[in-house]
Each structure stands twice: as structure tokens, then as C-alpha cells.
Amino acid sequence: MDVLDLARLQFGLTGSLHFLFVVLTLGLAPLVAIMHTRWVISGRPQHERMTRFWGQIYVTNYALGIVTGLVMEFQFGLSWSGLSHYAGDVFGAPLAMETLVAFFLESTFLGLWIFGWHRLPKWAHLACIWVVTLTAYASAFFIMVANSFLQNPVGSVVRGDHLELTDFGALLTNKALLFAFPHVIGAGLFTGAFVMIGASAYQLLRRTAEQEFFTSSLRTGVVVAVLGLLVTVGFGYAQFAVVQPGKFEGDTGAALGLGFMILIGDLLMLVVLFLMLPVIYWLPRWRWTHPLLLMMTPLPFLAAVLGWMAREIGRQPWMIWERLSVADAMSPGLTPGMITMSLIGFTAVLGLLAVVDYLLIARAVRRGPAAPALGAHPDADTRAHALTY
Amino acid sequence: MELIWFAFFAVLLAGYFALEGFDLGVGLLLPVLGRTPERRDRMVAGMAPFVLANEVWLVAVAGVLFGVYPALEGEVFAGLYPLVVTMLLAWVLRDAGLWFRRRLDGAGWRRFWDLMITLGSFGLSFGWGLALYAMATGFSSSLLHPPGLLLGALVTALFAVHGRTFLAWRLPGFLGAPCPGRTLALSALAAATPVLIVLGGSAGYLLGNSAPPETLNVLSIMALPFAPFMLGAQVWVWRTFRPSKSADQLPSFF
């Protein structure tokens, strides 16, 4: 493999890893925000337990989203400086908006939410998770604006050796963006829903003491999965109307990614809509279905990565469609030694951390909602004592 | 417009040193001031509510670098490739240490991630010294030049002092006499001094390499209205988590 292949491999691997965590963040954030809202309004302990249990899974997943995201952001400068030289004046604007406004606020308010338990007034604390959700969606929006510009470079003109921004509005109404953004948001919801379904199925299968909690979670998961799947599949097919001509014909990687993603999406749509939704009332009691539900959990993640493969491999050999090739976008001074070192370092460290993070999430699921660390009360120990004795 | 964005960039970068500086300092001091697991838990709990709000300043710096100084971004990163990769890995391990250390029971688990926090904090602090020296000299010298190494040691020492001051301020009684906010502000200024000097020296260069007016106008219209919210959120963090006798008494998530 030459330098270019290695740089592409590095971006592809770290990007796929990043999105595995991002897609669940996008799905769980609004669900946790809704649970928190119900808790603040009703004051019921069951709603508090829901918020803390799913919130703990959400923030554990978030940790890897942050660290893989850091590597993504800095890779633009490390490996692809040709992109900022040629199109930085255009591409840089949405990227700057994402980091400067959306992620800055998201991270600050997430800190307030995680550590504000028992410190902030309850409505202020609730507002934090809604700001986190809103800014997470804003982040996704600006990243999709930037990516859609690569697919379909609108709003700019070639001036000399680089692109200049002429119409920022055109970037926001890019036809490559309009259907793709809701597609991503829907995918997030249905991934979050499948994690809820899988975790609930596991707890129900094991007949733990939390039957009521996970019966309710399983039903919520099925309803959200229907909603998310309809949005994802609907806006997925809608994209065929606007996709670049010939995108999926030249490259088998793109065509395979697309084909298998559609296969998974359609299959899950049939299963959720016609097999799970009609029996939603009985599903929590039918233990024989639970191993199947559990095994379906990874499918949305797989479909999400396949979808990005189709979109990004289909763009080859272009970095910016018919404007700048990936080869020309690569940093000029990059040597095989440099990229090999960073490829090994990033993949080994992030890969290991991802495995550890998934094991921690699995452990949080196994432990159930009895005593999550998130939102633990100052006298948690004494209360546990009082319950024991 | 170029001036406004230079000021914005300078505030973000100096703010990163002044704020994240004490997080890294606390990480550096874990093996020194935190000889027992209980003391390490208190130290991490002391800085925990600030970390997410502090480290994000550097993410914003990178965003501005891409949006406002696209011509320089490649130059900076290409010139510092091995260093940037190492610092990123250090940052990743430090963060992982914070997020993971309390997710499993067991002394060995927590000790391992505490070590990652310290190593990561060291890699970032020392790396910043090397990076600042390389930037000040226009990437002409090798990364491991003696003055660069000295600057690395200096930044590490400044962050450690800043971290210690922060702990004395946030956790009254943890390190003897409580420390007033004024002292913390002074150590923040000291932590940011190296980067302020480099920024002062490179102001003309940065201003001359700004993105064209169309891009800056769009960025200004879109981003500057949010500046008060960003500042407000930061102020809210400091108000919510101000020092108290029980600042570290809640079971902390980190």
C-alpha cells in the first residue's frame, strides 16, 4: 500500500469507529432528555431510574465519541492539508461552526448535566440535557453540511488555485444534504432504540427483579425503532433522486456497502413493522423472542458503517466531486513512515478503548438500574445500609 | 474583521492554557499529592466538573484554525506531525483514564487509569512546550532541540503549579491553608504566559494569512452571536462548582 492508501485507511477506520459511537449518541440523547423531562414533571422514582440508567449508558458511549472525534478533527490538518489549501475558505466555515458553537456548548453543558446532579435546580438541570441534545443535532448538521459540500460543491467558485465561498445559504440547502441529514438522524434514533430493545431483552430473558422497568423500556424501544426506521428508510430512498450520476457503478466497495445497507434496512423494517409492532403488548413476556432481539442489536451499527462506506467510497477518486482528487488533497510532506506510525497508534489505542467501552456498556446493562454511578446521591451508602438492615 | 478573529483565536488558545492547564496539572500531580487512592479520588473529583468545559477550548482553537487560517493549518500540522500524533494519543489516554477509572471496582483498575491520566497529562504538557518552540522558530529546528525541551519542562512545571493552586482553591483544607481566587487567577496567567508570548510574536503572520472577507463575514454572522452563550455557559460552570467544604463529597462520576 502506498501513502495515499494508508492515509485513506486511517481516515476510514477512525471515521467508522467514530460514527459507531456518534450514531448511538444521536439516538440516546433525545430519549434520555425525554425520560428526564418525564421525571421532572412526574417526580416518580421510576422515571428517575430510567434517566439514570439510560443516561449512564449514554455518557459511557459518549466518552469514545469524544476521543475518536478529536482524532478525526486533527486528521484534516495531519493528512489532508490539500483540502484546507484548496477549499478551506468554504469547507472551513461549517467545520468551524461545528467545533466553535455546537461542540463547545455541547461539551460544556454535558459537564453541567453529568456533575450537576444534586447541585443544580431541577429545571436548570433538565435544560442542560436538552441543550446537549440540541447542540448534538447541530453538530451532526454542520458535519453533514461539510460532507455534502464534498459530495456536491455548491456555493463556491474556482478563483485561481482555490475555491472561494460565494453563497453560504447554498451550502445549507445543498441537495446532497437535505435528505441525508434526516437519514442520519433517523438512523441514530433507530440505533438507540435497538440498544434499548437489546438491553431490555437481556434483562427480561434473565428474569431479573427489574421486569417492570424493562417491560416499559422494551415497548418504548419498539415504538422509537418504528419511528426511526420510517425516517431512515424514507429519506434513504429519497436520496436516489439527488445522488451524483454513476456514483455506485464504478466501485464494488460502494455498491456492496449500499446493497447490504439496504438489505439490512429493509429486513429490519419488515421485522419491526410487521412482526414486533403488532405484538408489542406481549413481546416483553415472550421469552423465546428475547435471544433473537438481543442478536439484532449490532445490525443498525453495521448498516450505519455500510451507509458511510457507500457514500464515501462512491465519492472516489474525488475529495471534492469533480473539483479536487483525494490524491491532490493529501498533505504534501506525508511519508510512509509518518502515516504508518499514526495509523498503528490511532487504530491500536482507539480500537482497544472501543472494546473496553463496549464491555463497560455491557456491564452497565447487566448490572441494571439498581445503582448507576450517574446521579448517585451523597448519602447513597447510608441509604443502601438502611435498605439492607 | 481579521483583528476580531485574531483576538477570538488568541482568547481561545490562551484560555485553553489557563483552564485546561490546571486539569493537566492535577493529572501530573496525581502520583505526588495523591499517595493514597482516597486522595487521588478527591483530586480527580475536584477537577472533574471542569474538564469537559476546559478541554473543549482546544477543539474550538482547531476549528478556528481551519475556518480562519486555512492556509496555516496544513503548515502547522505537517511541520509537527509526530508531535501532534503523540499529543493526540496522550489526550485520548488522559480522557479515557478520567471516563473509565470509576466504571469498574477494583484497586488495580483505578490505579492503571490514574497512571494513564498522569502519563497523558505529561505528554500534553511537555508536548505543548515543544510545539510552542517549534511555532516560534517557524518549524525550522528539530523537535527535540534543547531550548524546546527546556520550554517543555517549563510548561509542565507551570501547569503543575497551576494544578496545585486549583486544588488548594477548590478543596479547602486538602493542601493546608485555603487559597483565594486571586491566586488562582495569577497562576492561570502564568500558565498562559508562554502561549501569549508566541501569539504576540506571530500576530502579524496570522493576520496576513486570514481567510478572505467573504468567509470571515459568514463566520462572524454565524458564530459571533453565540459567543455570549459560550461565555455564559462557562461562567455557569464556575458558579455551580465553586469551592466548598463538600466540593468533593458527592460520589463523583469521574
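How far apart are the end C-alpha atoms of helix α2 (residues 37–68) of chain B, and how far should its 32 residues span at 1.5 Å a residue? Okay, hi everyone, let's start there. Keep in mind that this is a predicted model.

So, the expected span for α2(B) is 46 Å, and its end C-alpha atoms are 45 Å apart, which agrees. There is still a bend, though: α2(B) turns by about 50° at B:V51. As for its surroundings, 28 of its 32 residues are buried, so α2(B) is largely enclosed by the rest of the structure.

Now hop over to chain A and look at helix α3, residues 81–115. If you had a straight helix of 35 residues, you'd get 51 Å at 1.5 Å a residue, but α3(A) spans only 38 Å between its end C-alpha atoms. Have a look around A:A87: a kink of about 100° in α3(A) is centred on that residue. And α3(A) is mostly covered, with 35 of its 35 residues buried.

Next, a little hairpin in chain A. Strand β1 (residues 156–159) and β2(A) run antiparallel, and four bridges join them. One pair you can find on screen: A:V158 has A:L163 in β2(A) as its bridge partner. Two residues sit between the strands, and A:G160 in this hairpin takes a positive phi near 65°.

Which way do the side chains of β2(A) point? In a regular strand, they alternate between the two faces of the sheet. Here, A:L163 and A:L165 point to one face and are buried, while A:H162 and A:E164 point to the other and are not buried.

Last stop, some backbone oddities. Most residues other than glycine have a negative phi, and most peptide bonds are trans. Then we meet A:H118, which isn't glycine and has a positive phi near 70°. You'll find A:H118 in the loop between α3 and α4 of chain A. Is A:H118 buried or exposed? Well, A:H118 has 12 C-beta neighbours inside 10 Å, so it counts as exposed.

A:R207 also has a positive phi without being glycine, this time near 50°. A:R207 is in the loop between α7 and α8 of chain A. With 9 other C-beta atoms within 10 Å, A:R207 is exposed.

And the peptide bond? A:Q316 and A:P317 are joined by a cis one, with omega about 0°. You can spot A:P317 in the loop between α11 and β3 of chain A.

That's my tour, thanks!

Terms used. Residues numbered from 1 in each chain as written. Chains lettered and ligands numbered in written order. Predicted model: local features only at pLDDT ≥ 70, side-chain atom pairs only at ≥ 80, totals over all residues. Buried ≥ 20, exposed ≤ 12 C-beta atoms within 10 Å, placed from the backbone. Pairing = 2+ DSSP bridges. Expected span 1.5 Å × (residues − 1). Bend = angle between axes of the 7 residues up to and from the residue.
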